[in-house]
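Visitor: I would like a close look at a single part of this model, please. Pick one place, stay with it, and tell me how its surroundings fit around it.

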Amino acid sequence: MSSTILRDEAIQLASDLAVLAEPHRLLVLGELRAGHRTAGSLARATDMAPSLASHHLAVLLRADLVSRWREGSFVYYTLNRQRIGEVQQALSRLAKPAATGRTKGTRAAMPDGEVG
């Protein structure tokens, strides 16, 4: 797989990071690492009002970062580990040095003759 990030991937990553840039959502995802949970148990575990937890779960659902299913009167939520992995891989590619053909420690000449 390429170590560069493509435009479409950058757009998706920016959207995912906007969703993740909210502490309550990160708390919810952290709770879901251990396995599926109901909205009520997530609200209690993250010290959120049930309506606030439901709002954040809806945002995470739209971003496909969590999934849900119903069993009787309970709705369970779980991490979409594949999507979380995709976000993680995109971030990892950003952290890798770009292959430029230069060796470590060399500096490129700038167009006006300066060294960058």
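Guide: Gladly, and a convention comes first: axes are lines fitted to C-alpha atoms, for helices over the stretch in contact, and angles run from 0 to 180 degrees between N-to-C directions. Please also keep in mind that this is a predicted model.

The part I have picked is the sheet. Three strands make an open sheet, ordered E1-E3-E2, and their pairing is antiparallel. Strand E1 (37–38) and E2 are the edge strands, each pairing on one side only. To place the sheet in the chain, note that there are five helices and three strands, following the pattern α-α-β-α-α-β-β-α along the sequence.

Let's stay with E2 and E3 for a moment. Strand E3 (residues 74–79) pairs with E2 in the antiparallel sense, over six bridges. You can follow this pairing residue by residue: Val-66 has Leu-79 in E3 as its bridge partner, and Arg-70 stands opposite Val-75 in E3. The two strands form a hairpin with two residues between them, and Gly-72 in the turn has a positive phi of about 65 degrees.

Around this hairpin you will find some aromatic rings. A pair of aromatic rings is described by the distance of the centres and the angle of the planes. The structure holds two aromatic pairs. In one of them, Trp-69 and Tyr-76 lie 5.7 Å centre to centre with 20 degrees between the planes; planes under 30 degrees apart count as stacked, so this pair is stacked. The other pair joins Phe-74 and Tyr-76, whose ring centres are 6.4 Å apart and whose planes meet at 45 degrees, so this pair is tilted. Trp-69, Phe-74 and Tyr-76 thus belong to one aromatic cluster. How buried or exposed are its members? Tyr-76 is buried, at 18% relative accessible area. Trp-69 is partly exposed at 30%, and Phe-74 is also partly exposed, at 47%.

Now to the helices against the sheet. Helix H2 (residues 23–32) packs on the sheet and touches E1, E2 and E3; its direction makes about 90 degrees with that of E3. H4 lies across E2 and E3, and runs at about 115 degrees to E2.

The residue after Tyr-76 along the chain takes us inwards. Leaving aside residues up to four places away in sequence, Tyr-77 touches a list of residues that includes Leu-32, Thr-38, Leu-42, Leu-57, Leu-61, Val-66 and Arg-68. Tyr-77 is also among the residues with the most contacts inside the largest nonpolar core, together with Val-28, Leu-32, Leu-60 and Leu-65; this core has 21 residues. At least two core residues come from each of helix H1 (7–20), H2, H3, H4, E3 and helix H5 (81–95). H4 gives the largest share, four residues.

Two loops beside H4 deserve a glance for their backbone angles. Most residues other than glycine have a negative phi, and most peptide bonds are trans. Asp-64 has a positive phi of about 65 degrees although it is not a glycine; its place is the loop between H4 and strand E2 (66–71). Asp-64 is partly exposed at 38% relative accessibility. Asp-47 is not a glycine either, and has a positive phi of about 60 degrees. Asp-47 sits in the loop between helix H3 (39–45) and helix H4 (50–62), where Asp-47 is exposed, with a relative accessible area of 74%.

Finally, let's step back to the whole chain. Of its 116 residues, 28% count as buried. Among contacts between residues at least 6 apart in sequence, 51% join residues at least 24 apart. The chain exposes about 8,000 Å², of which carbon and sulfur atoms supply 56%.

Key:
Residues are numbered from 1 along each chain as its sequence is written. This is a predicted model: local features need pLDDT of at least 70, side-chain atom pairs count only at pLDDT 80 or more; totals for chains, interfaces and linings use all residues. Side-chain values use heavy atoms; hydrogens and water are left out. Rings of Phe, Tyr and Trp (its six-membered ring) pair if their centres lie within 6.5 Å; planes under 30 degrees apart count as stacked, over 60 as edge-to-face and the rest as tilted. Buried means under 20% relative accessible area, exposed over 50%, partly exposed in between (1.4 Å probe, protein chains only). Two strands pair if DSSP finds at least two bridges between them. Contact means heavy atoms within 4.5 Å. Accessible areas come from the Shrake-Rupley method with a 1.4 Å probe; for residues, only the protein chains shown count as cover. A nonpolar core is a set of buried Ala, Val, Leu, Ile, Met, Phe, Trp, Tyr and Cys residues joined through side-chain atoms within 4.5 Å.
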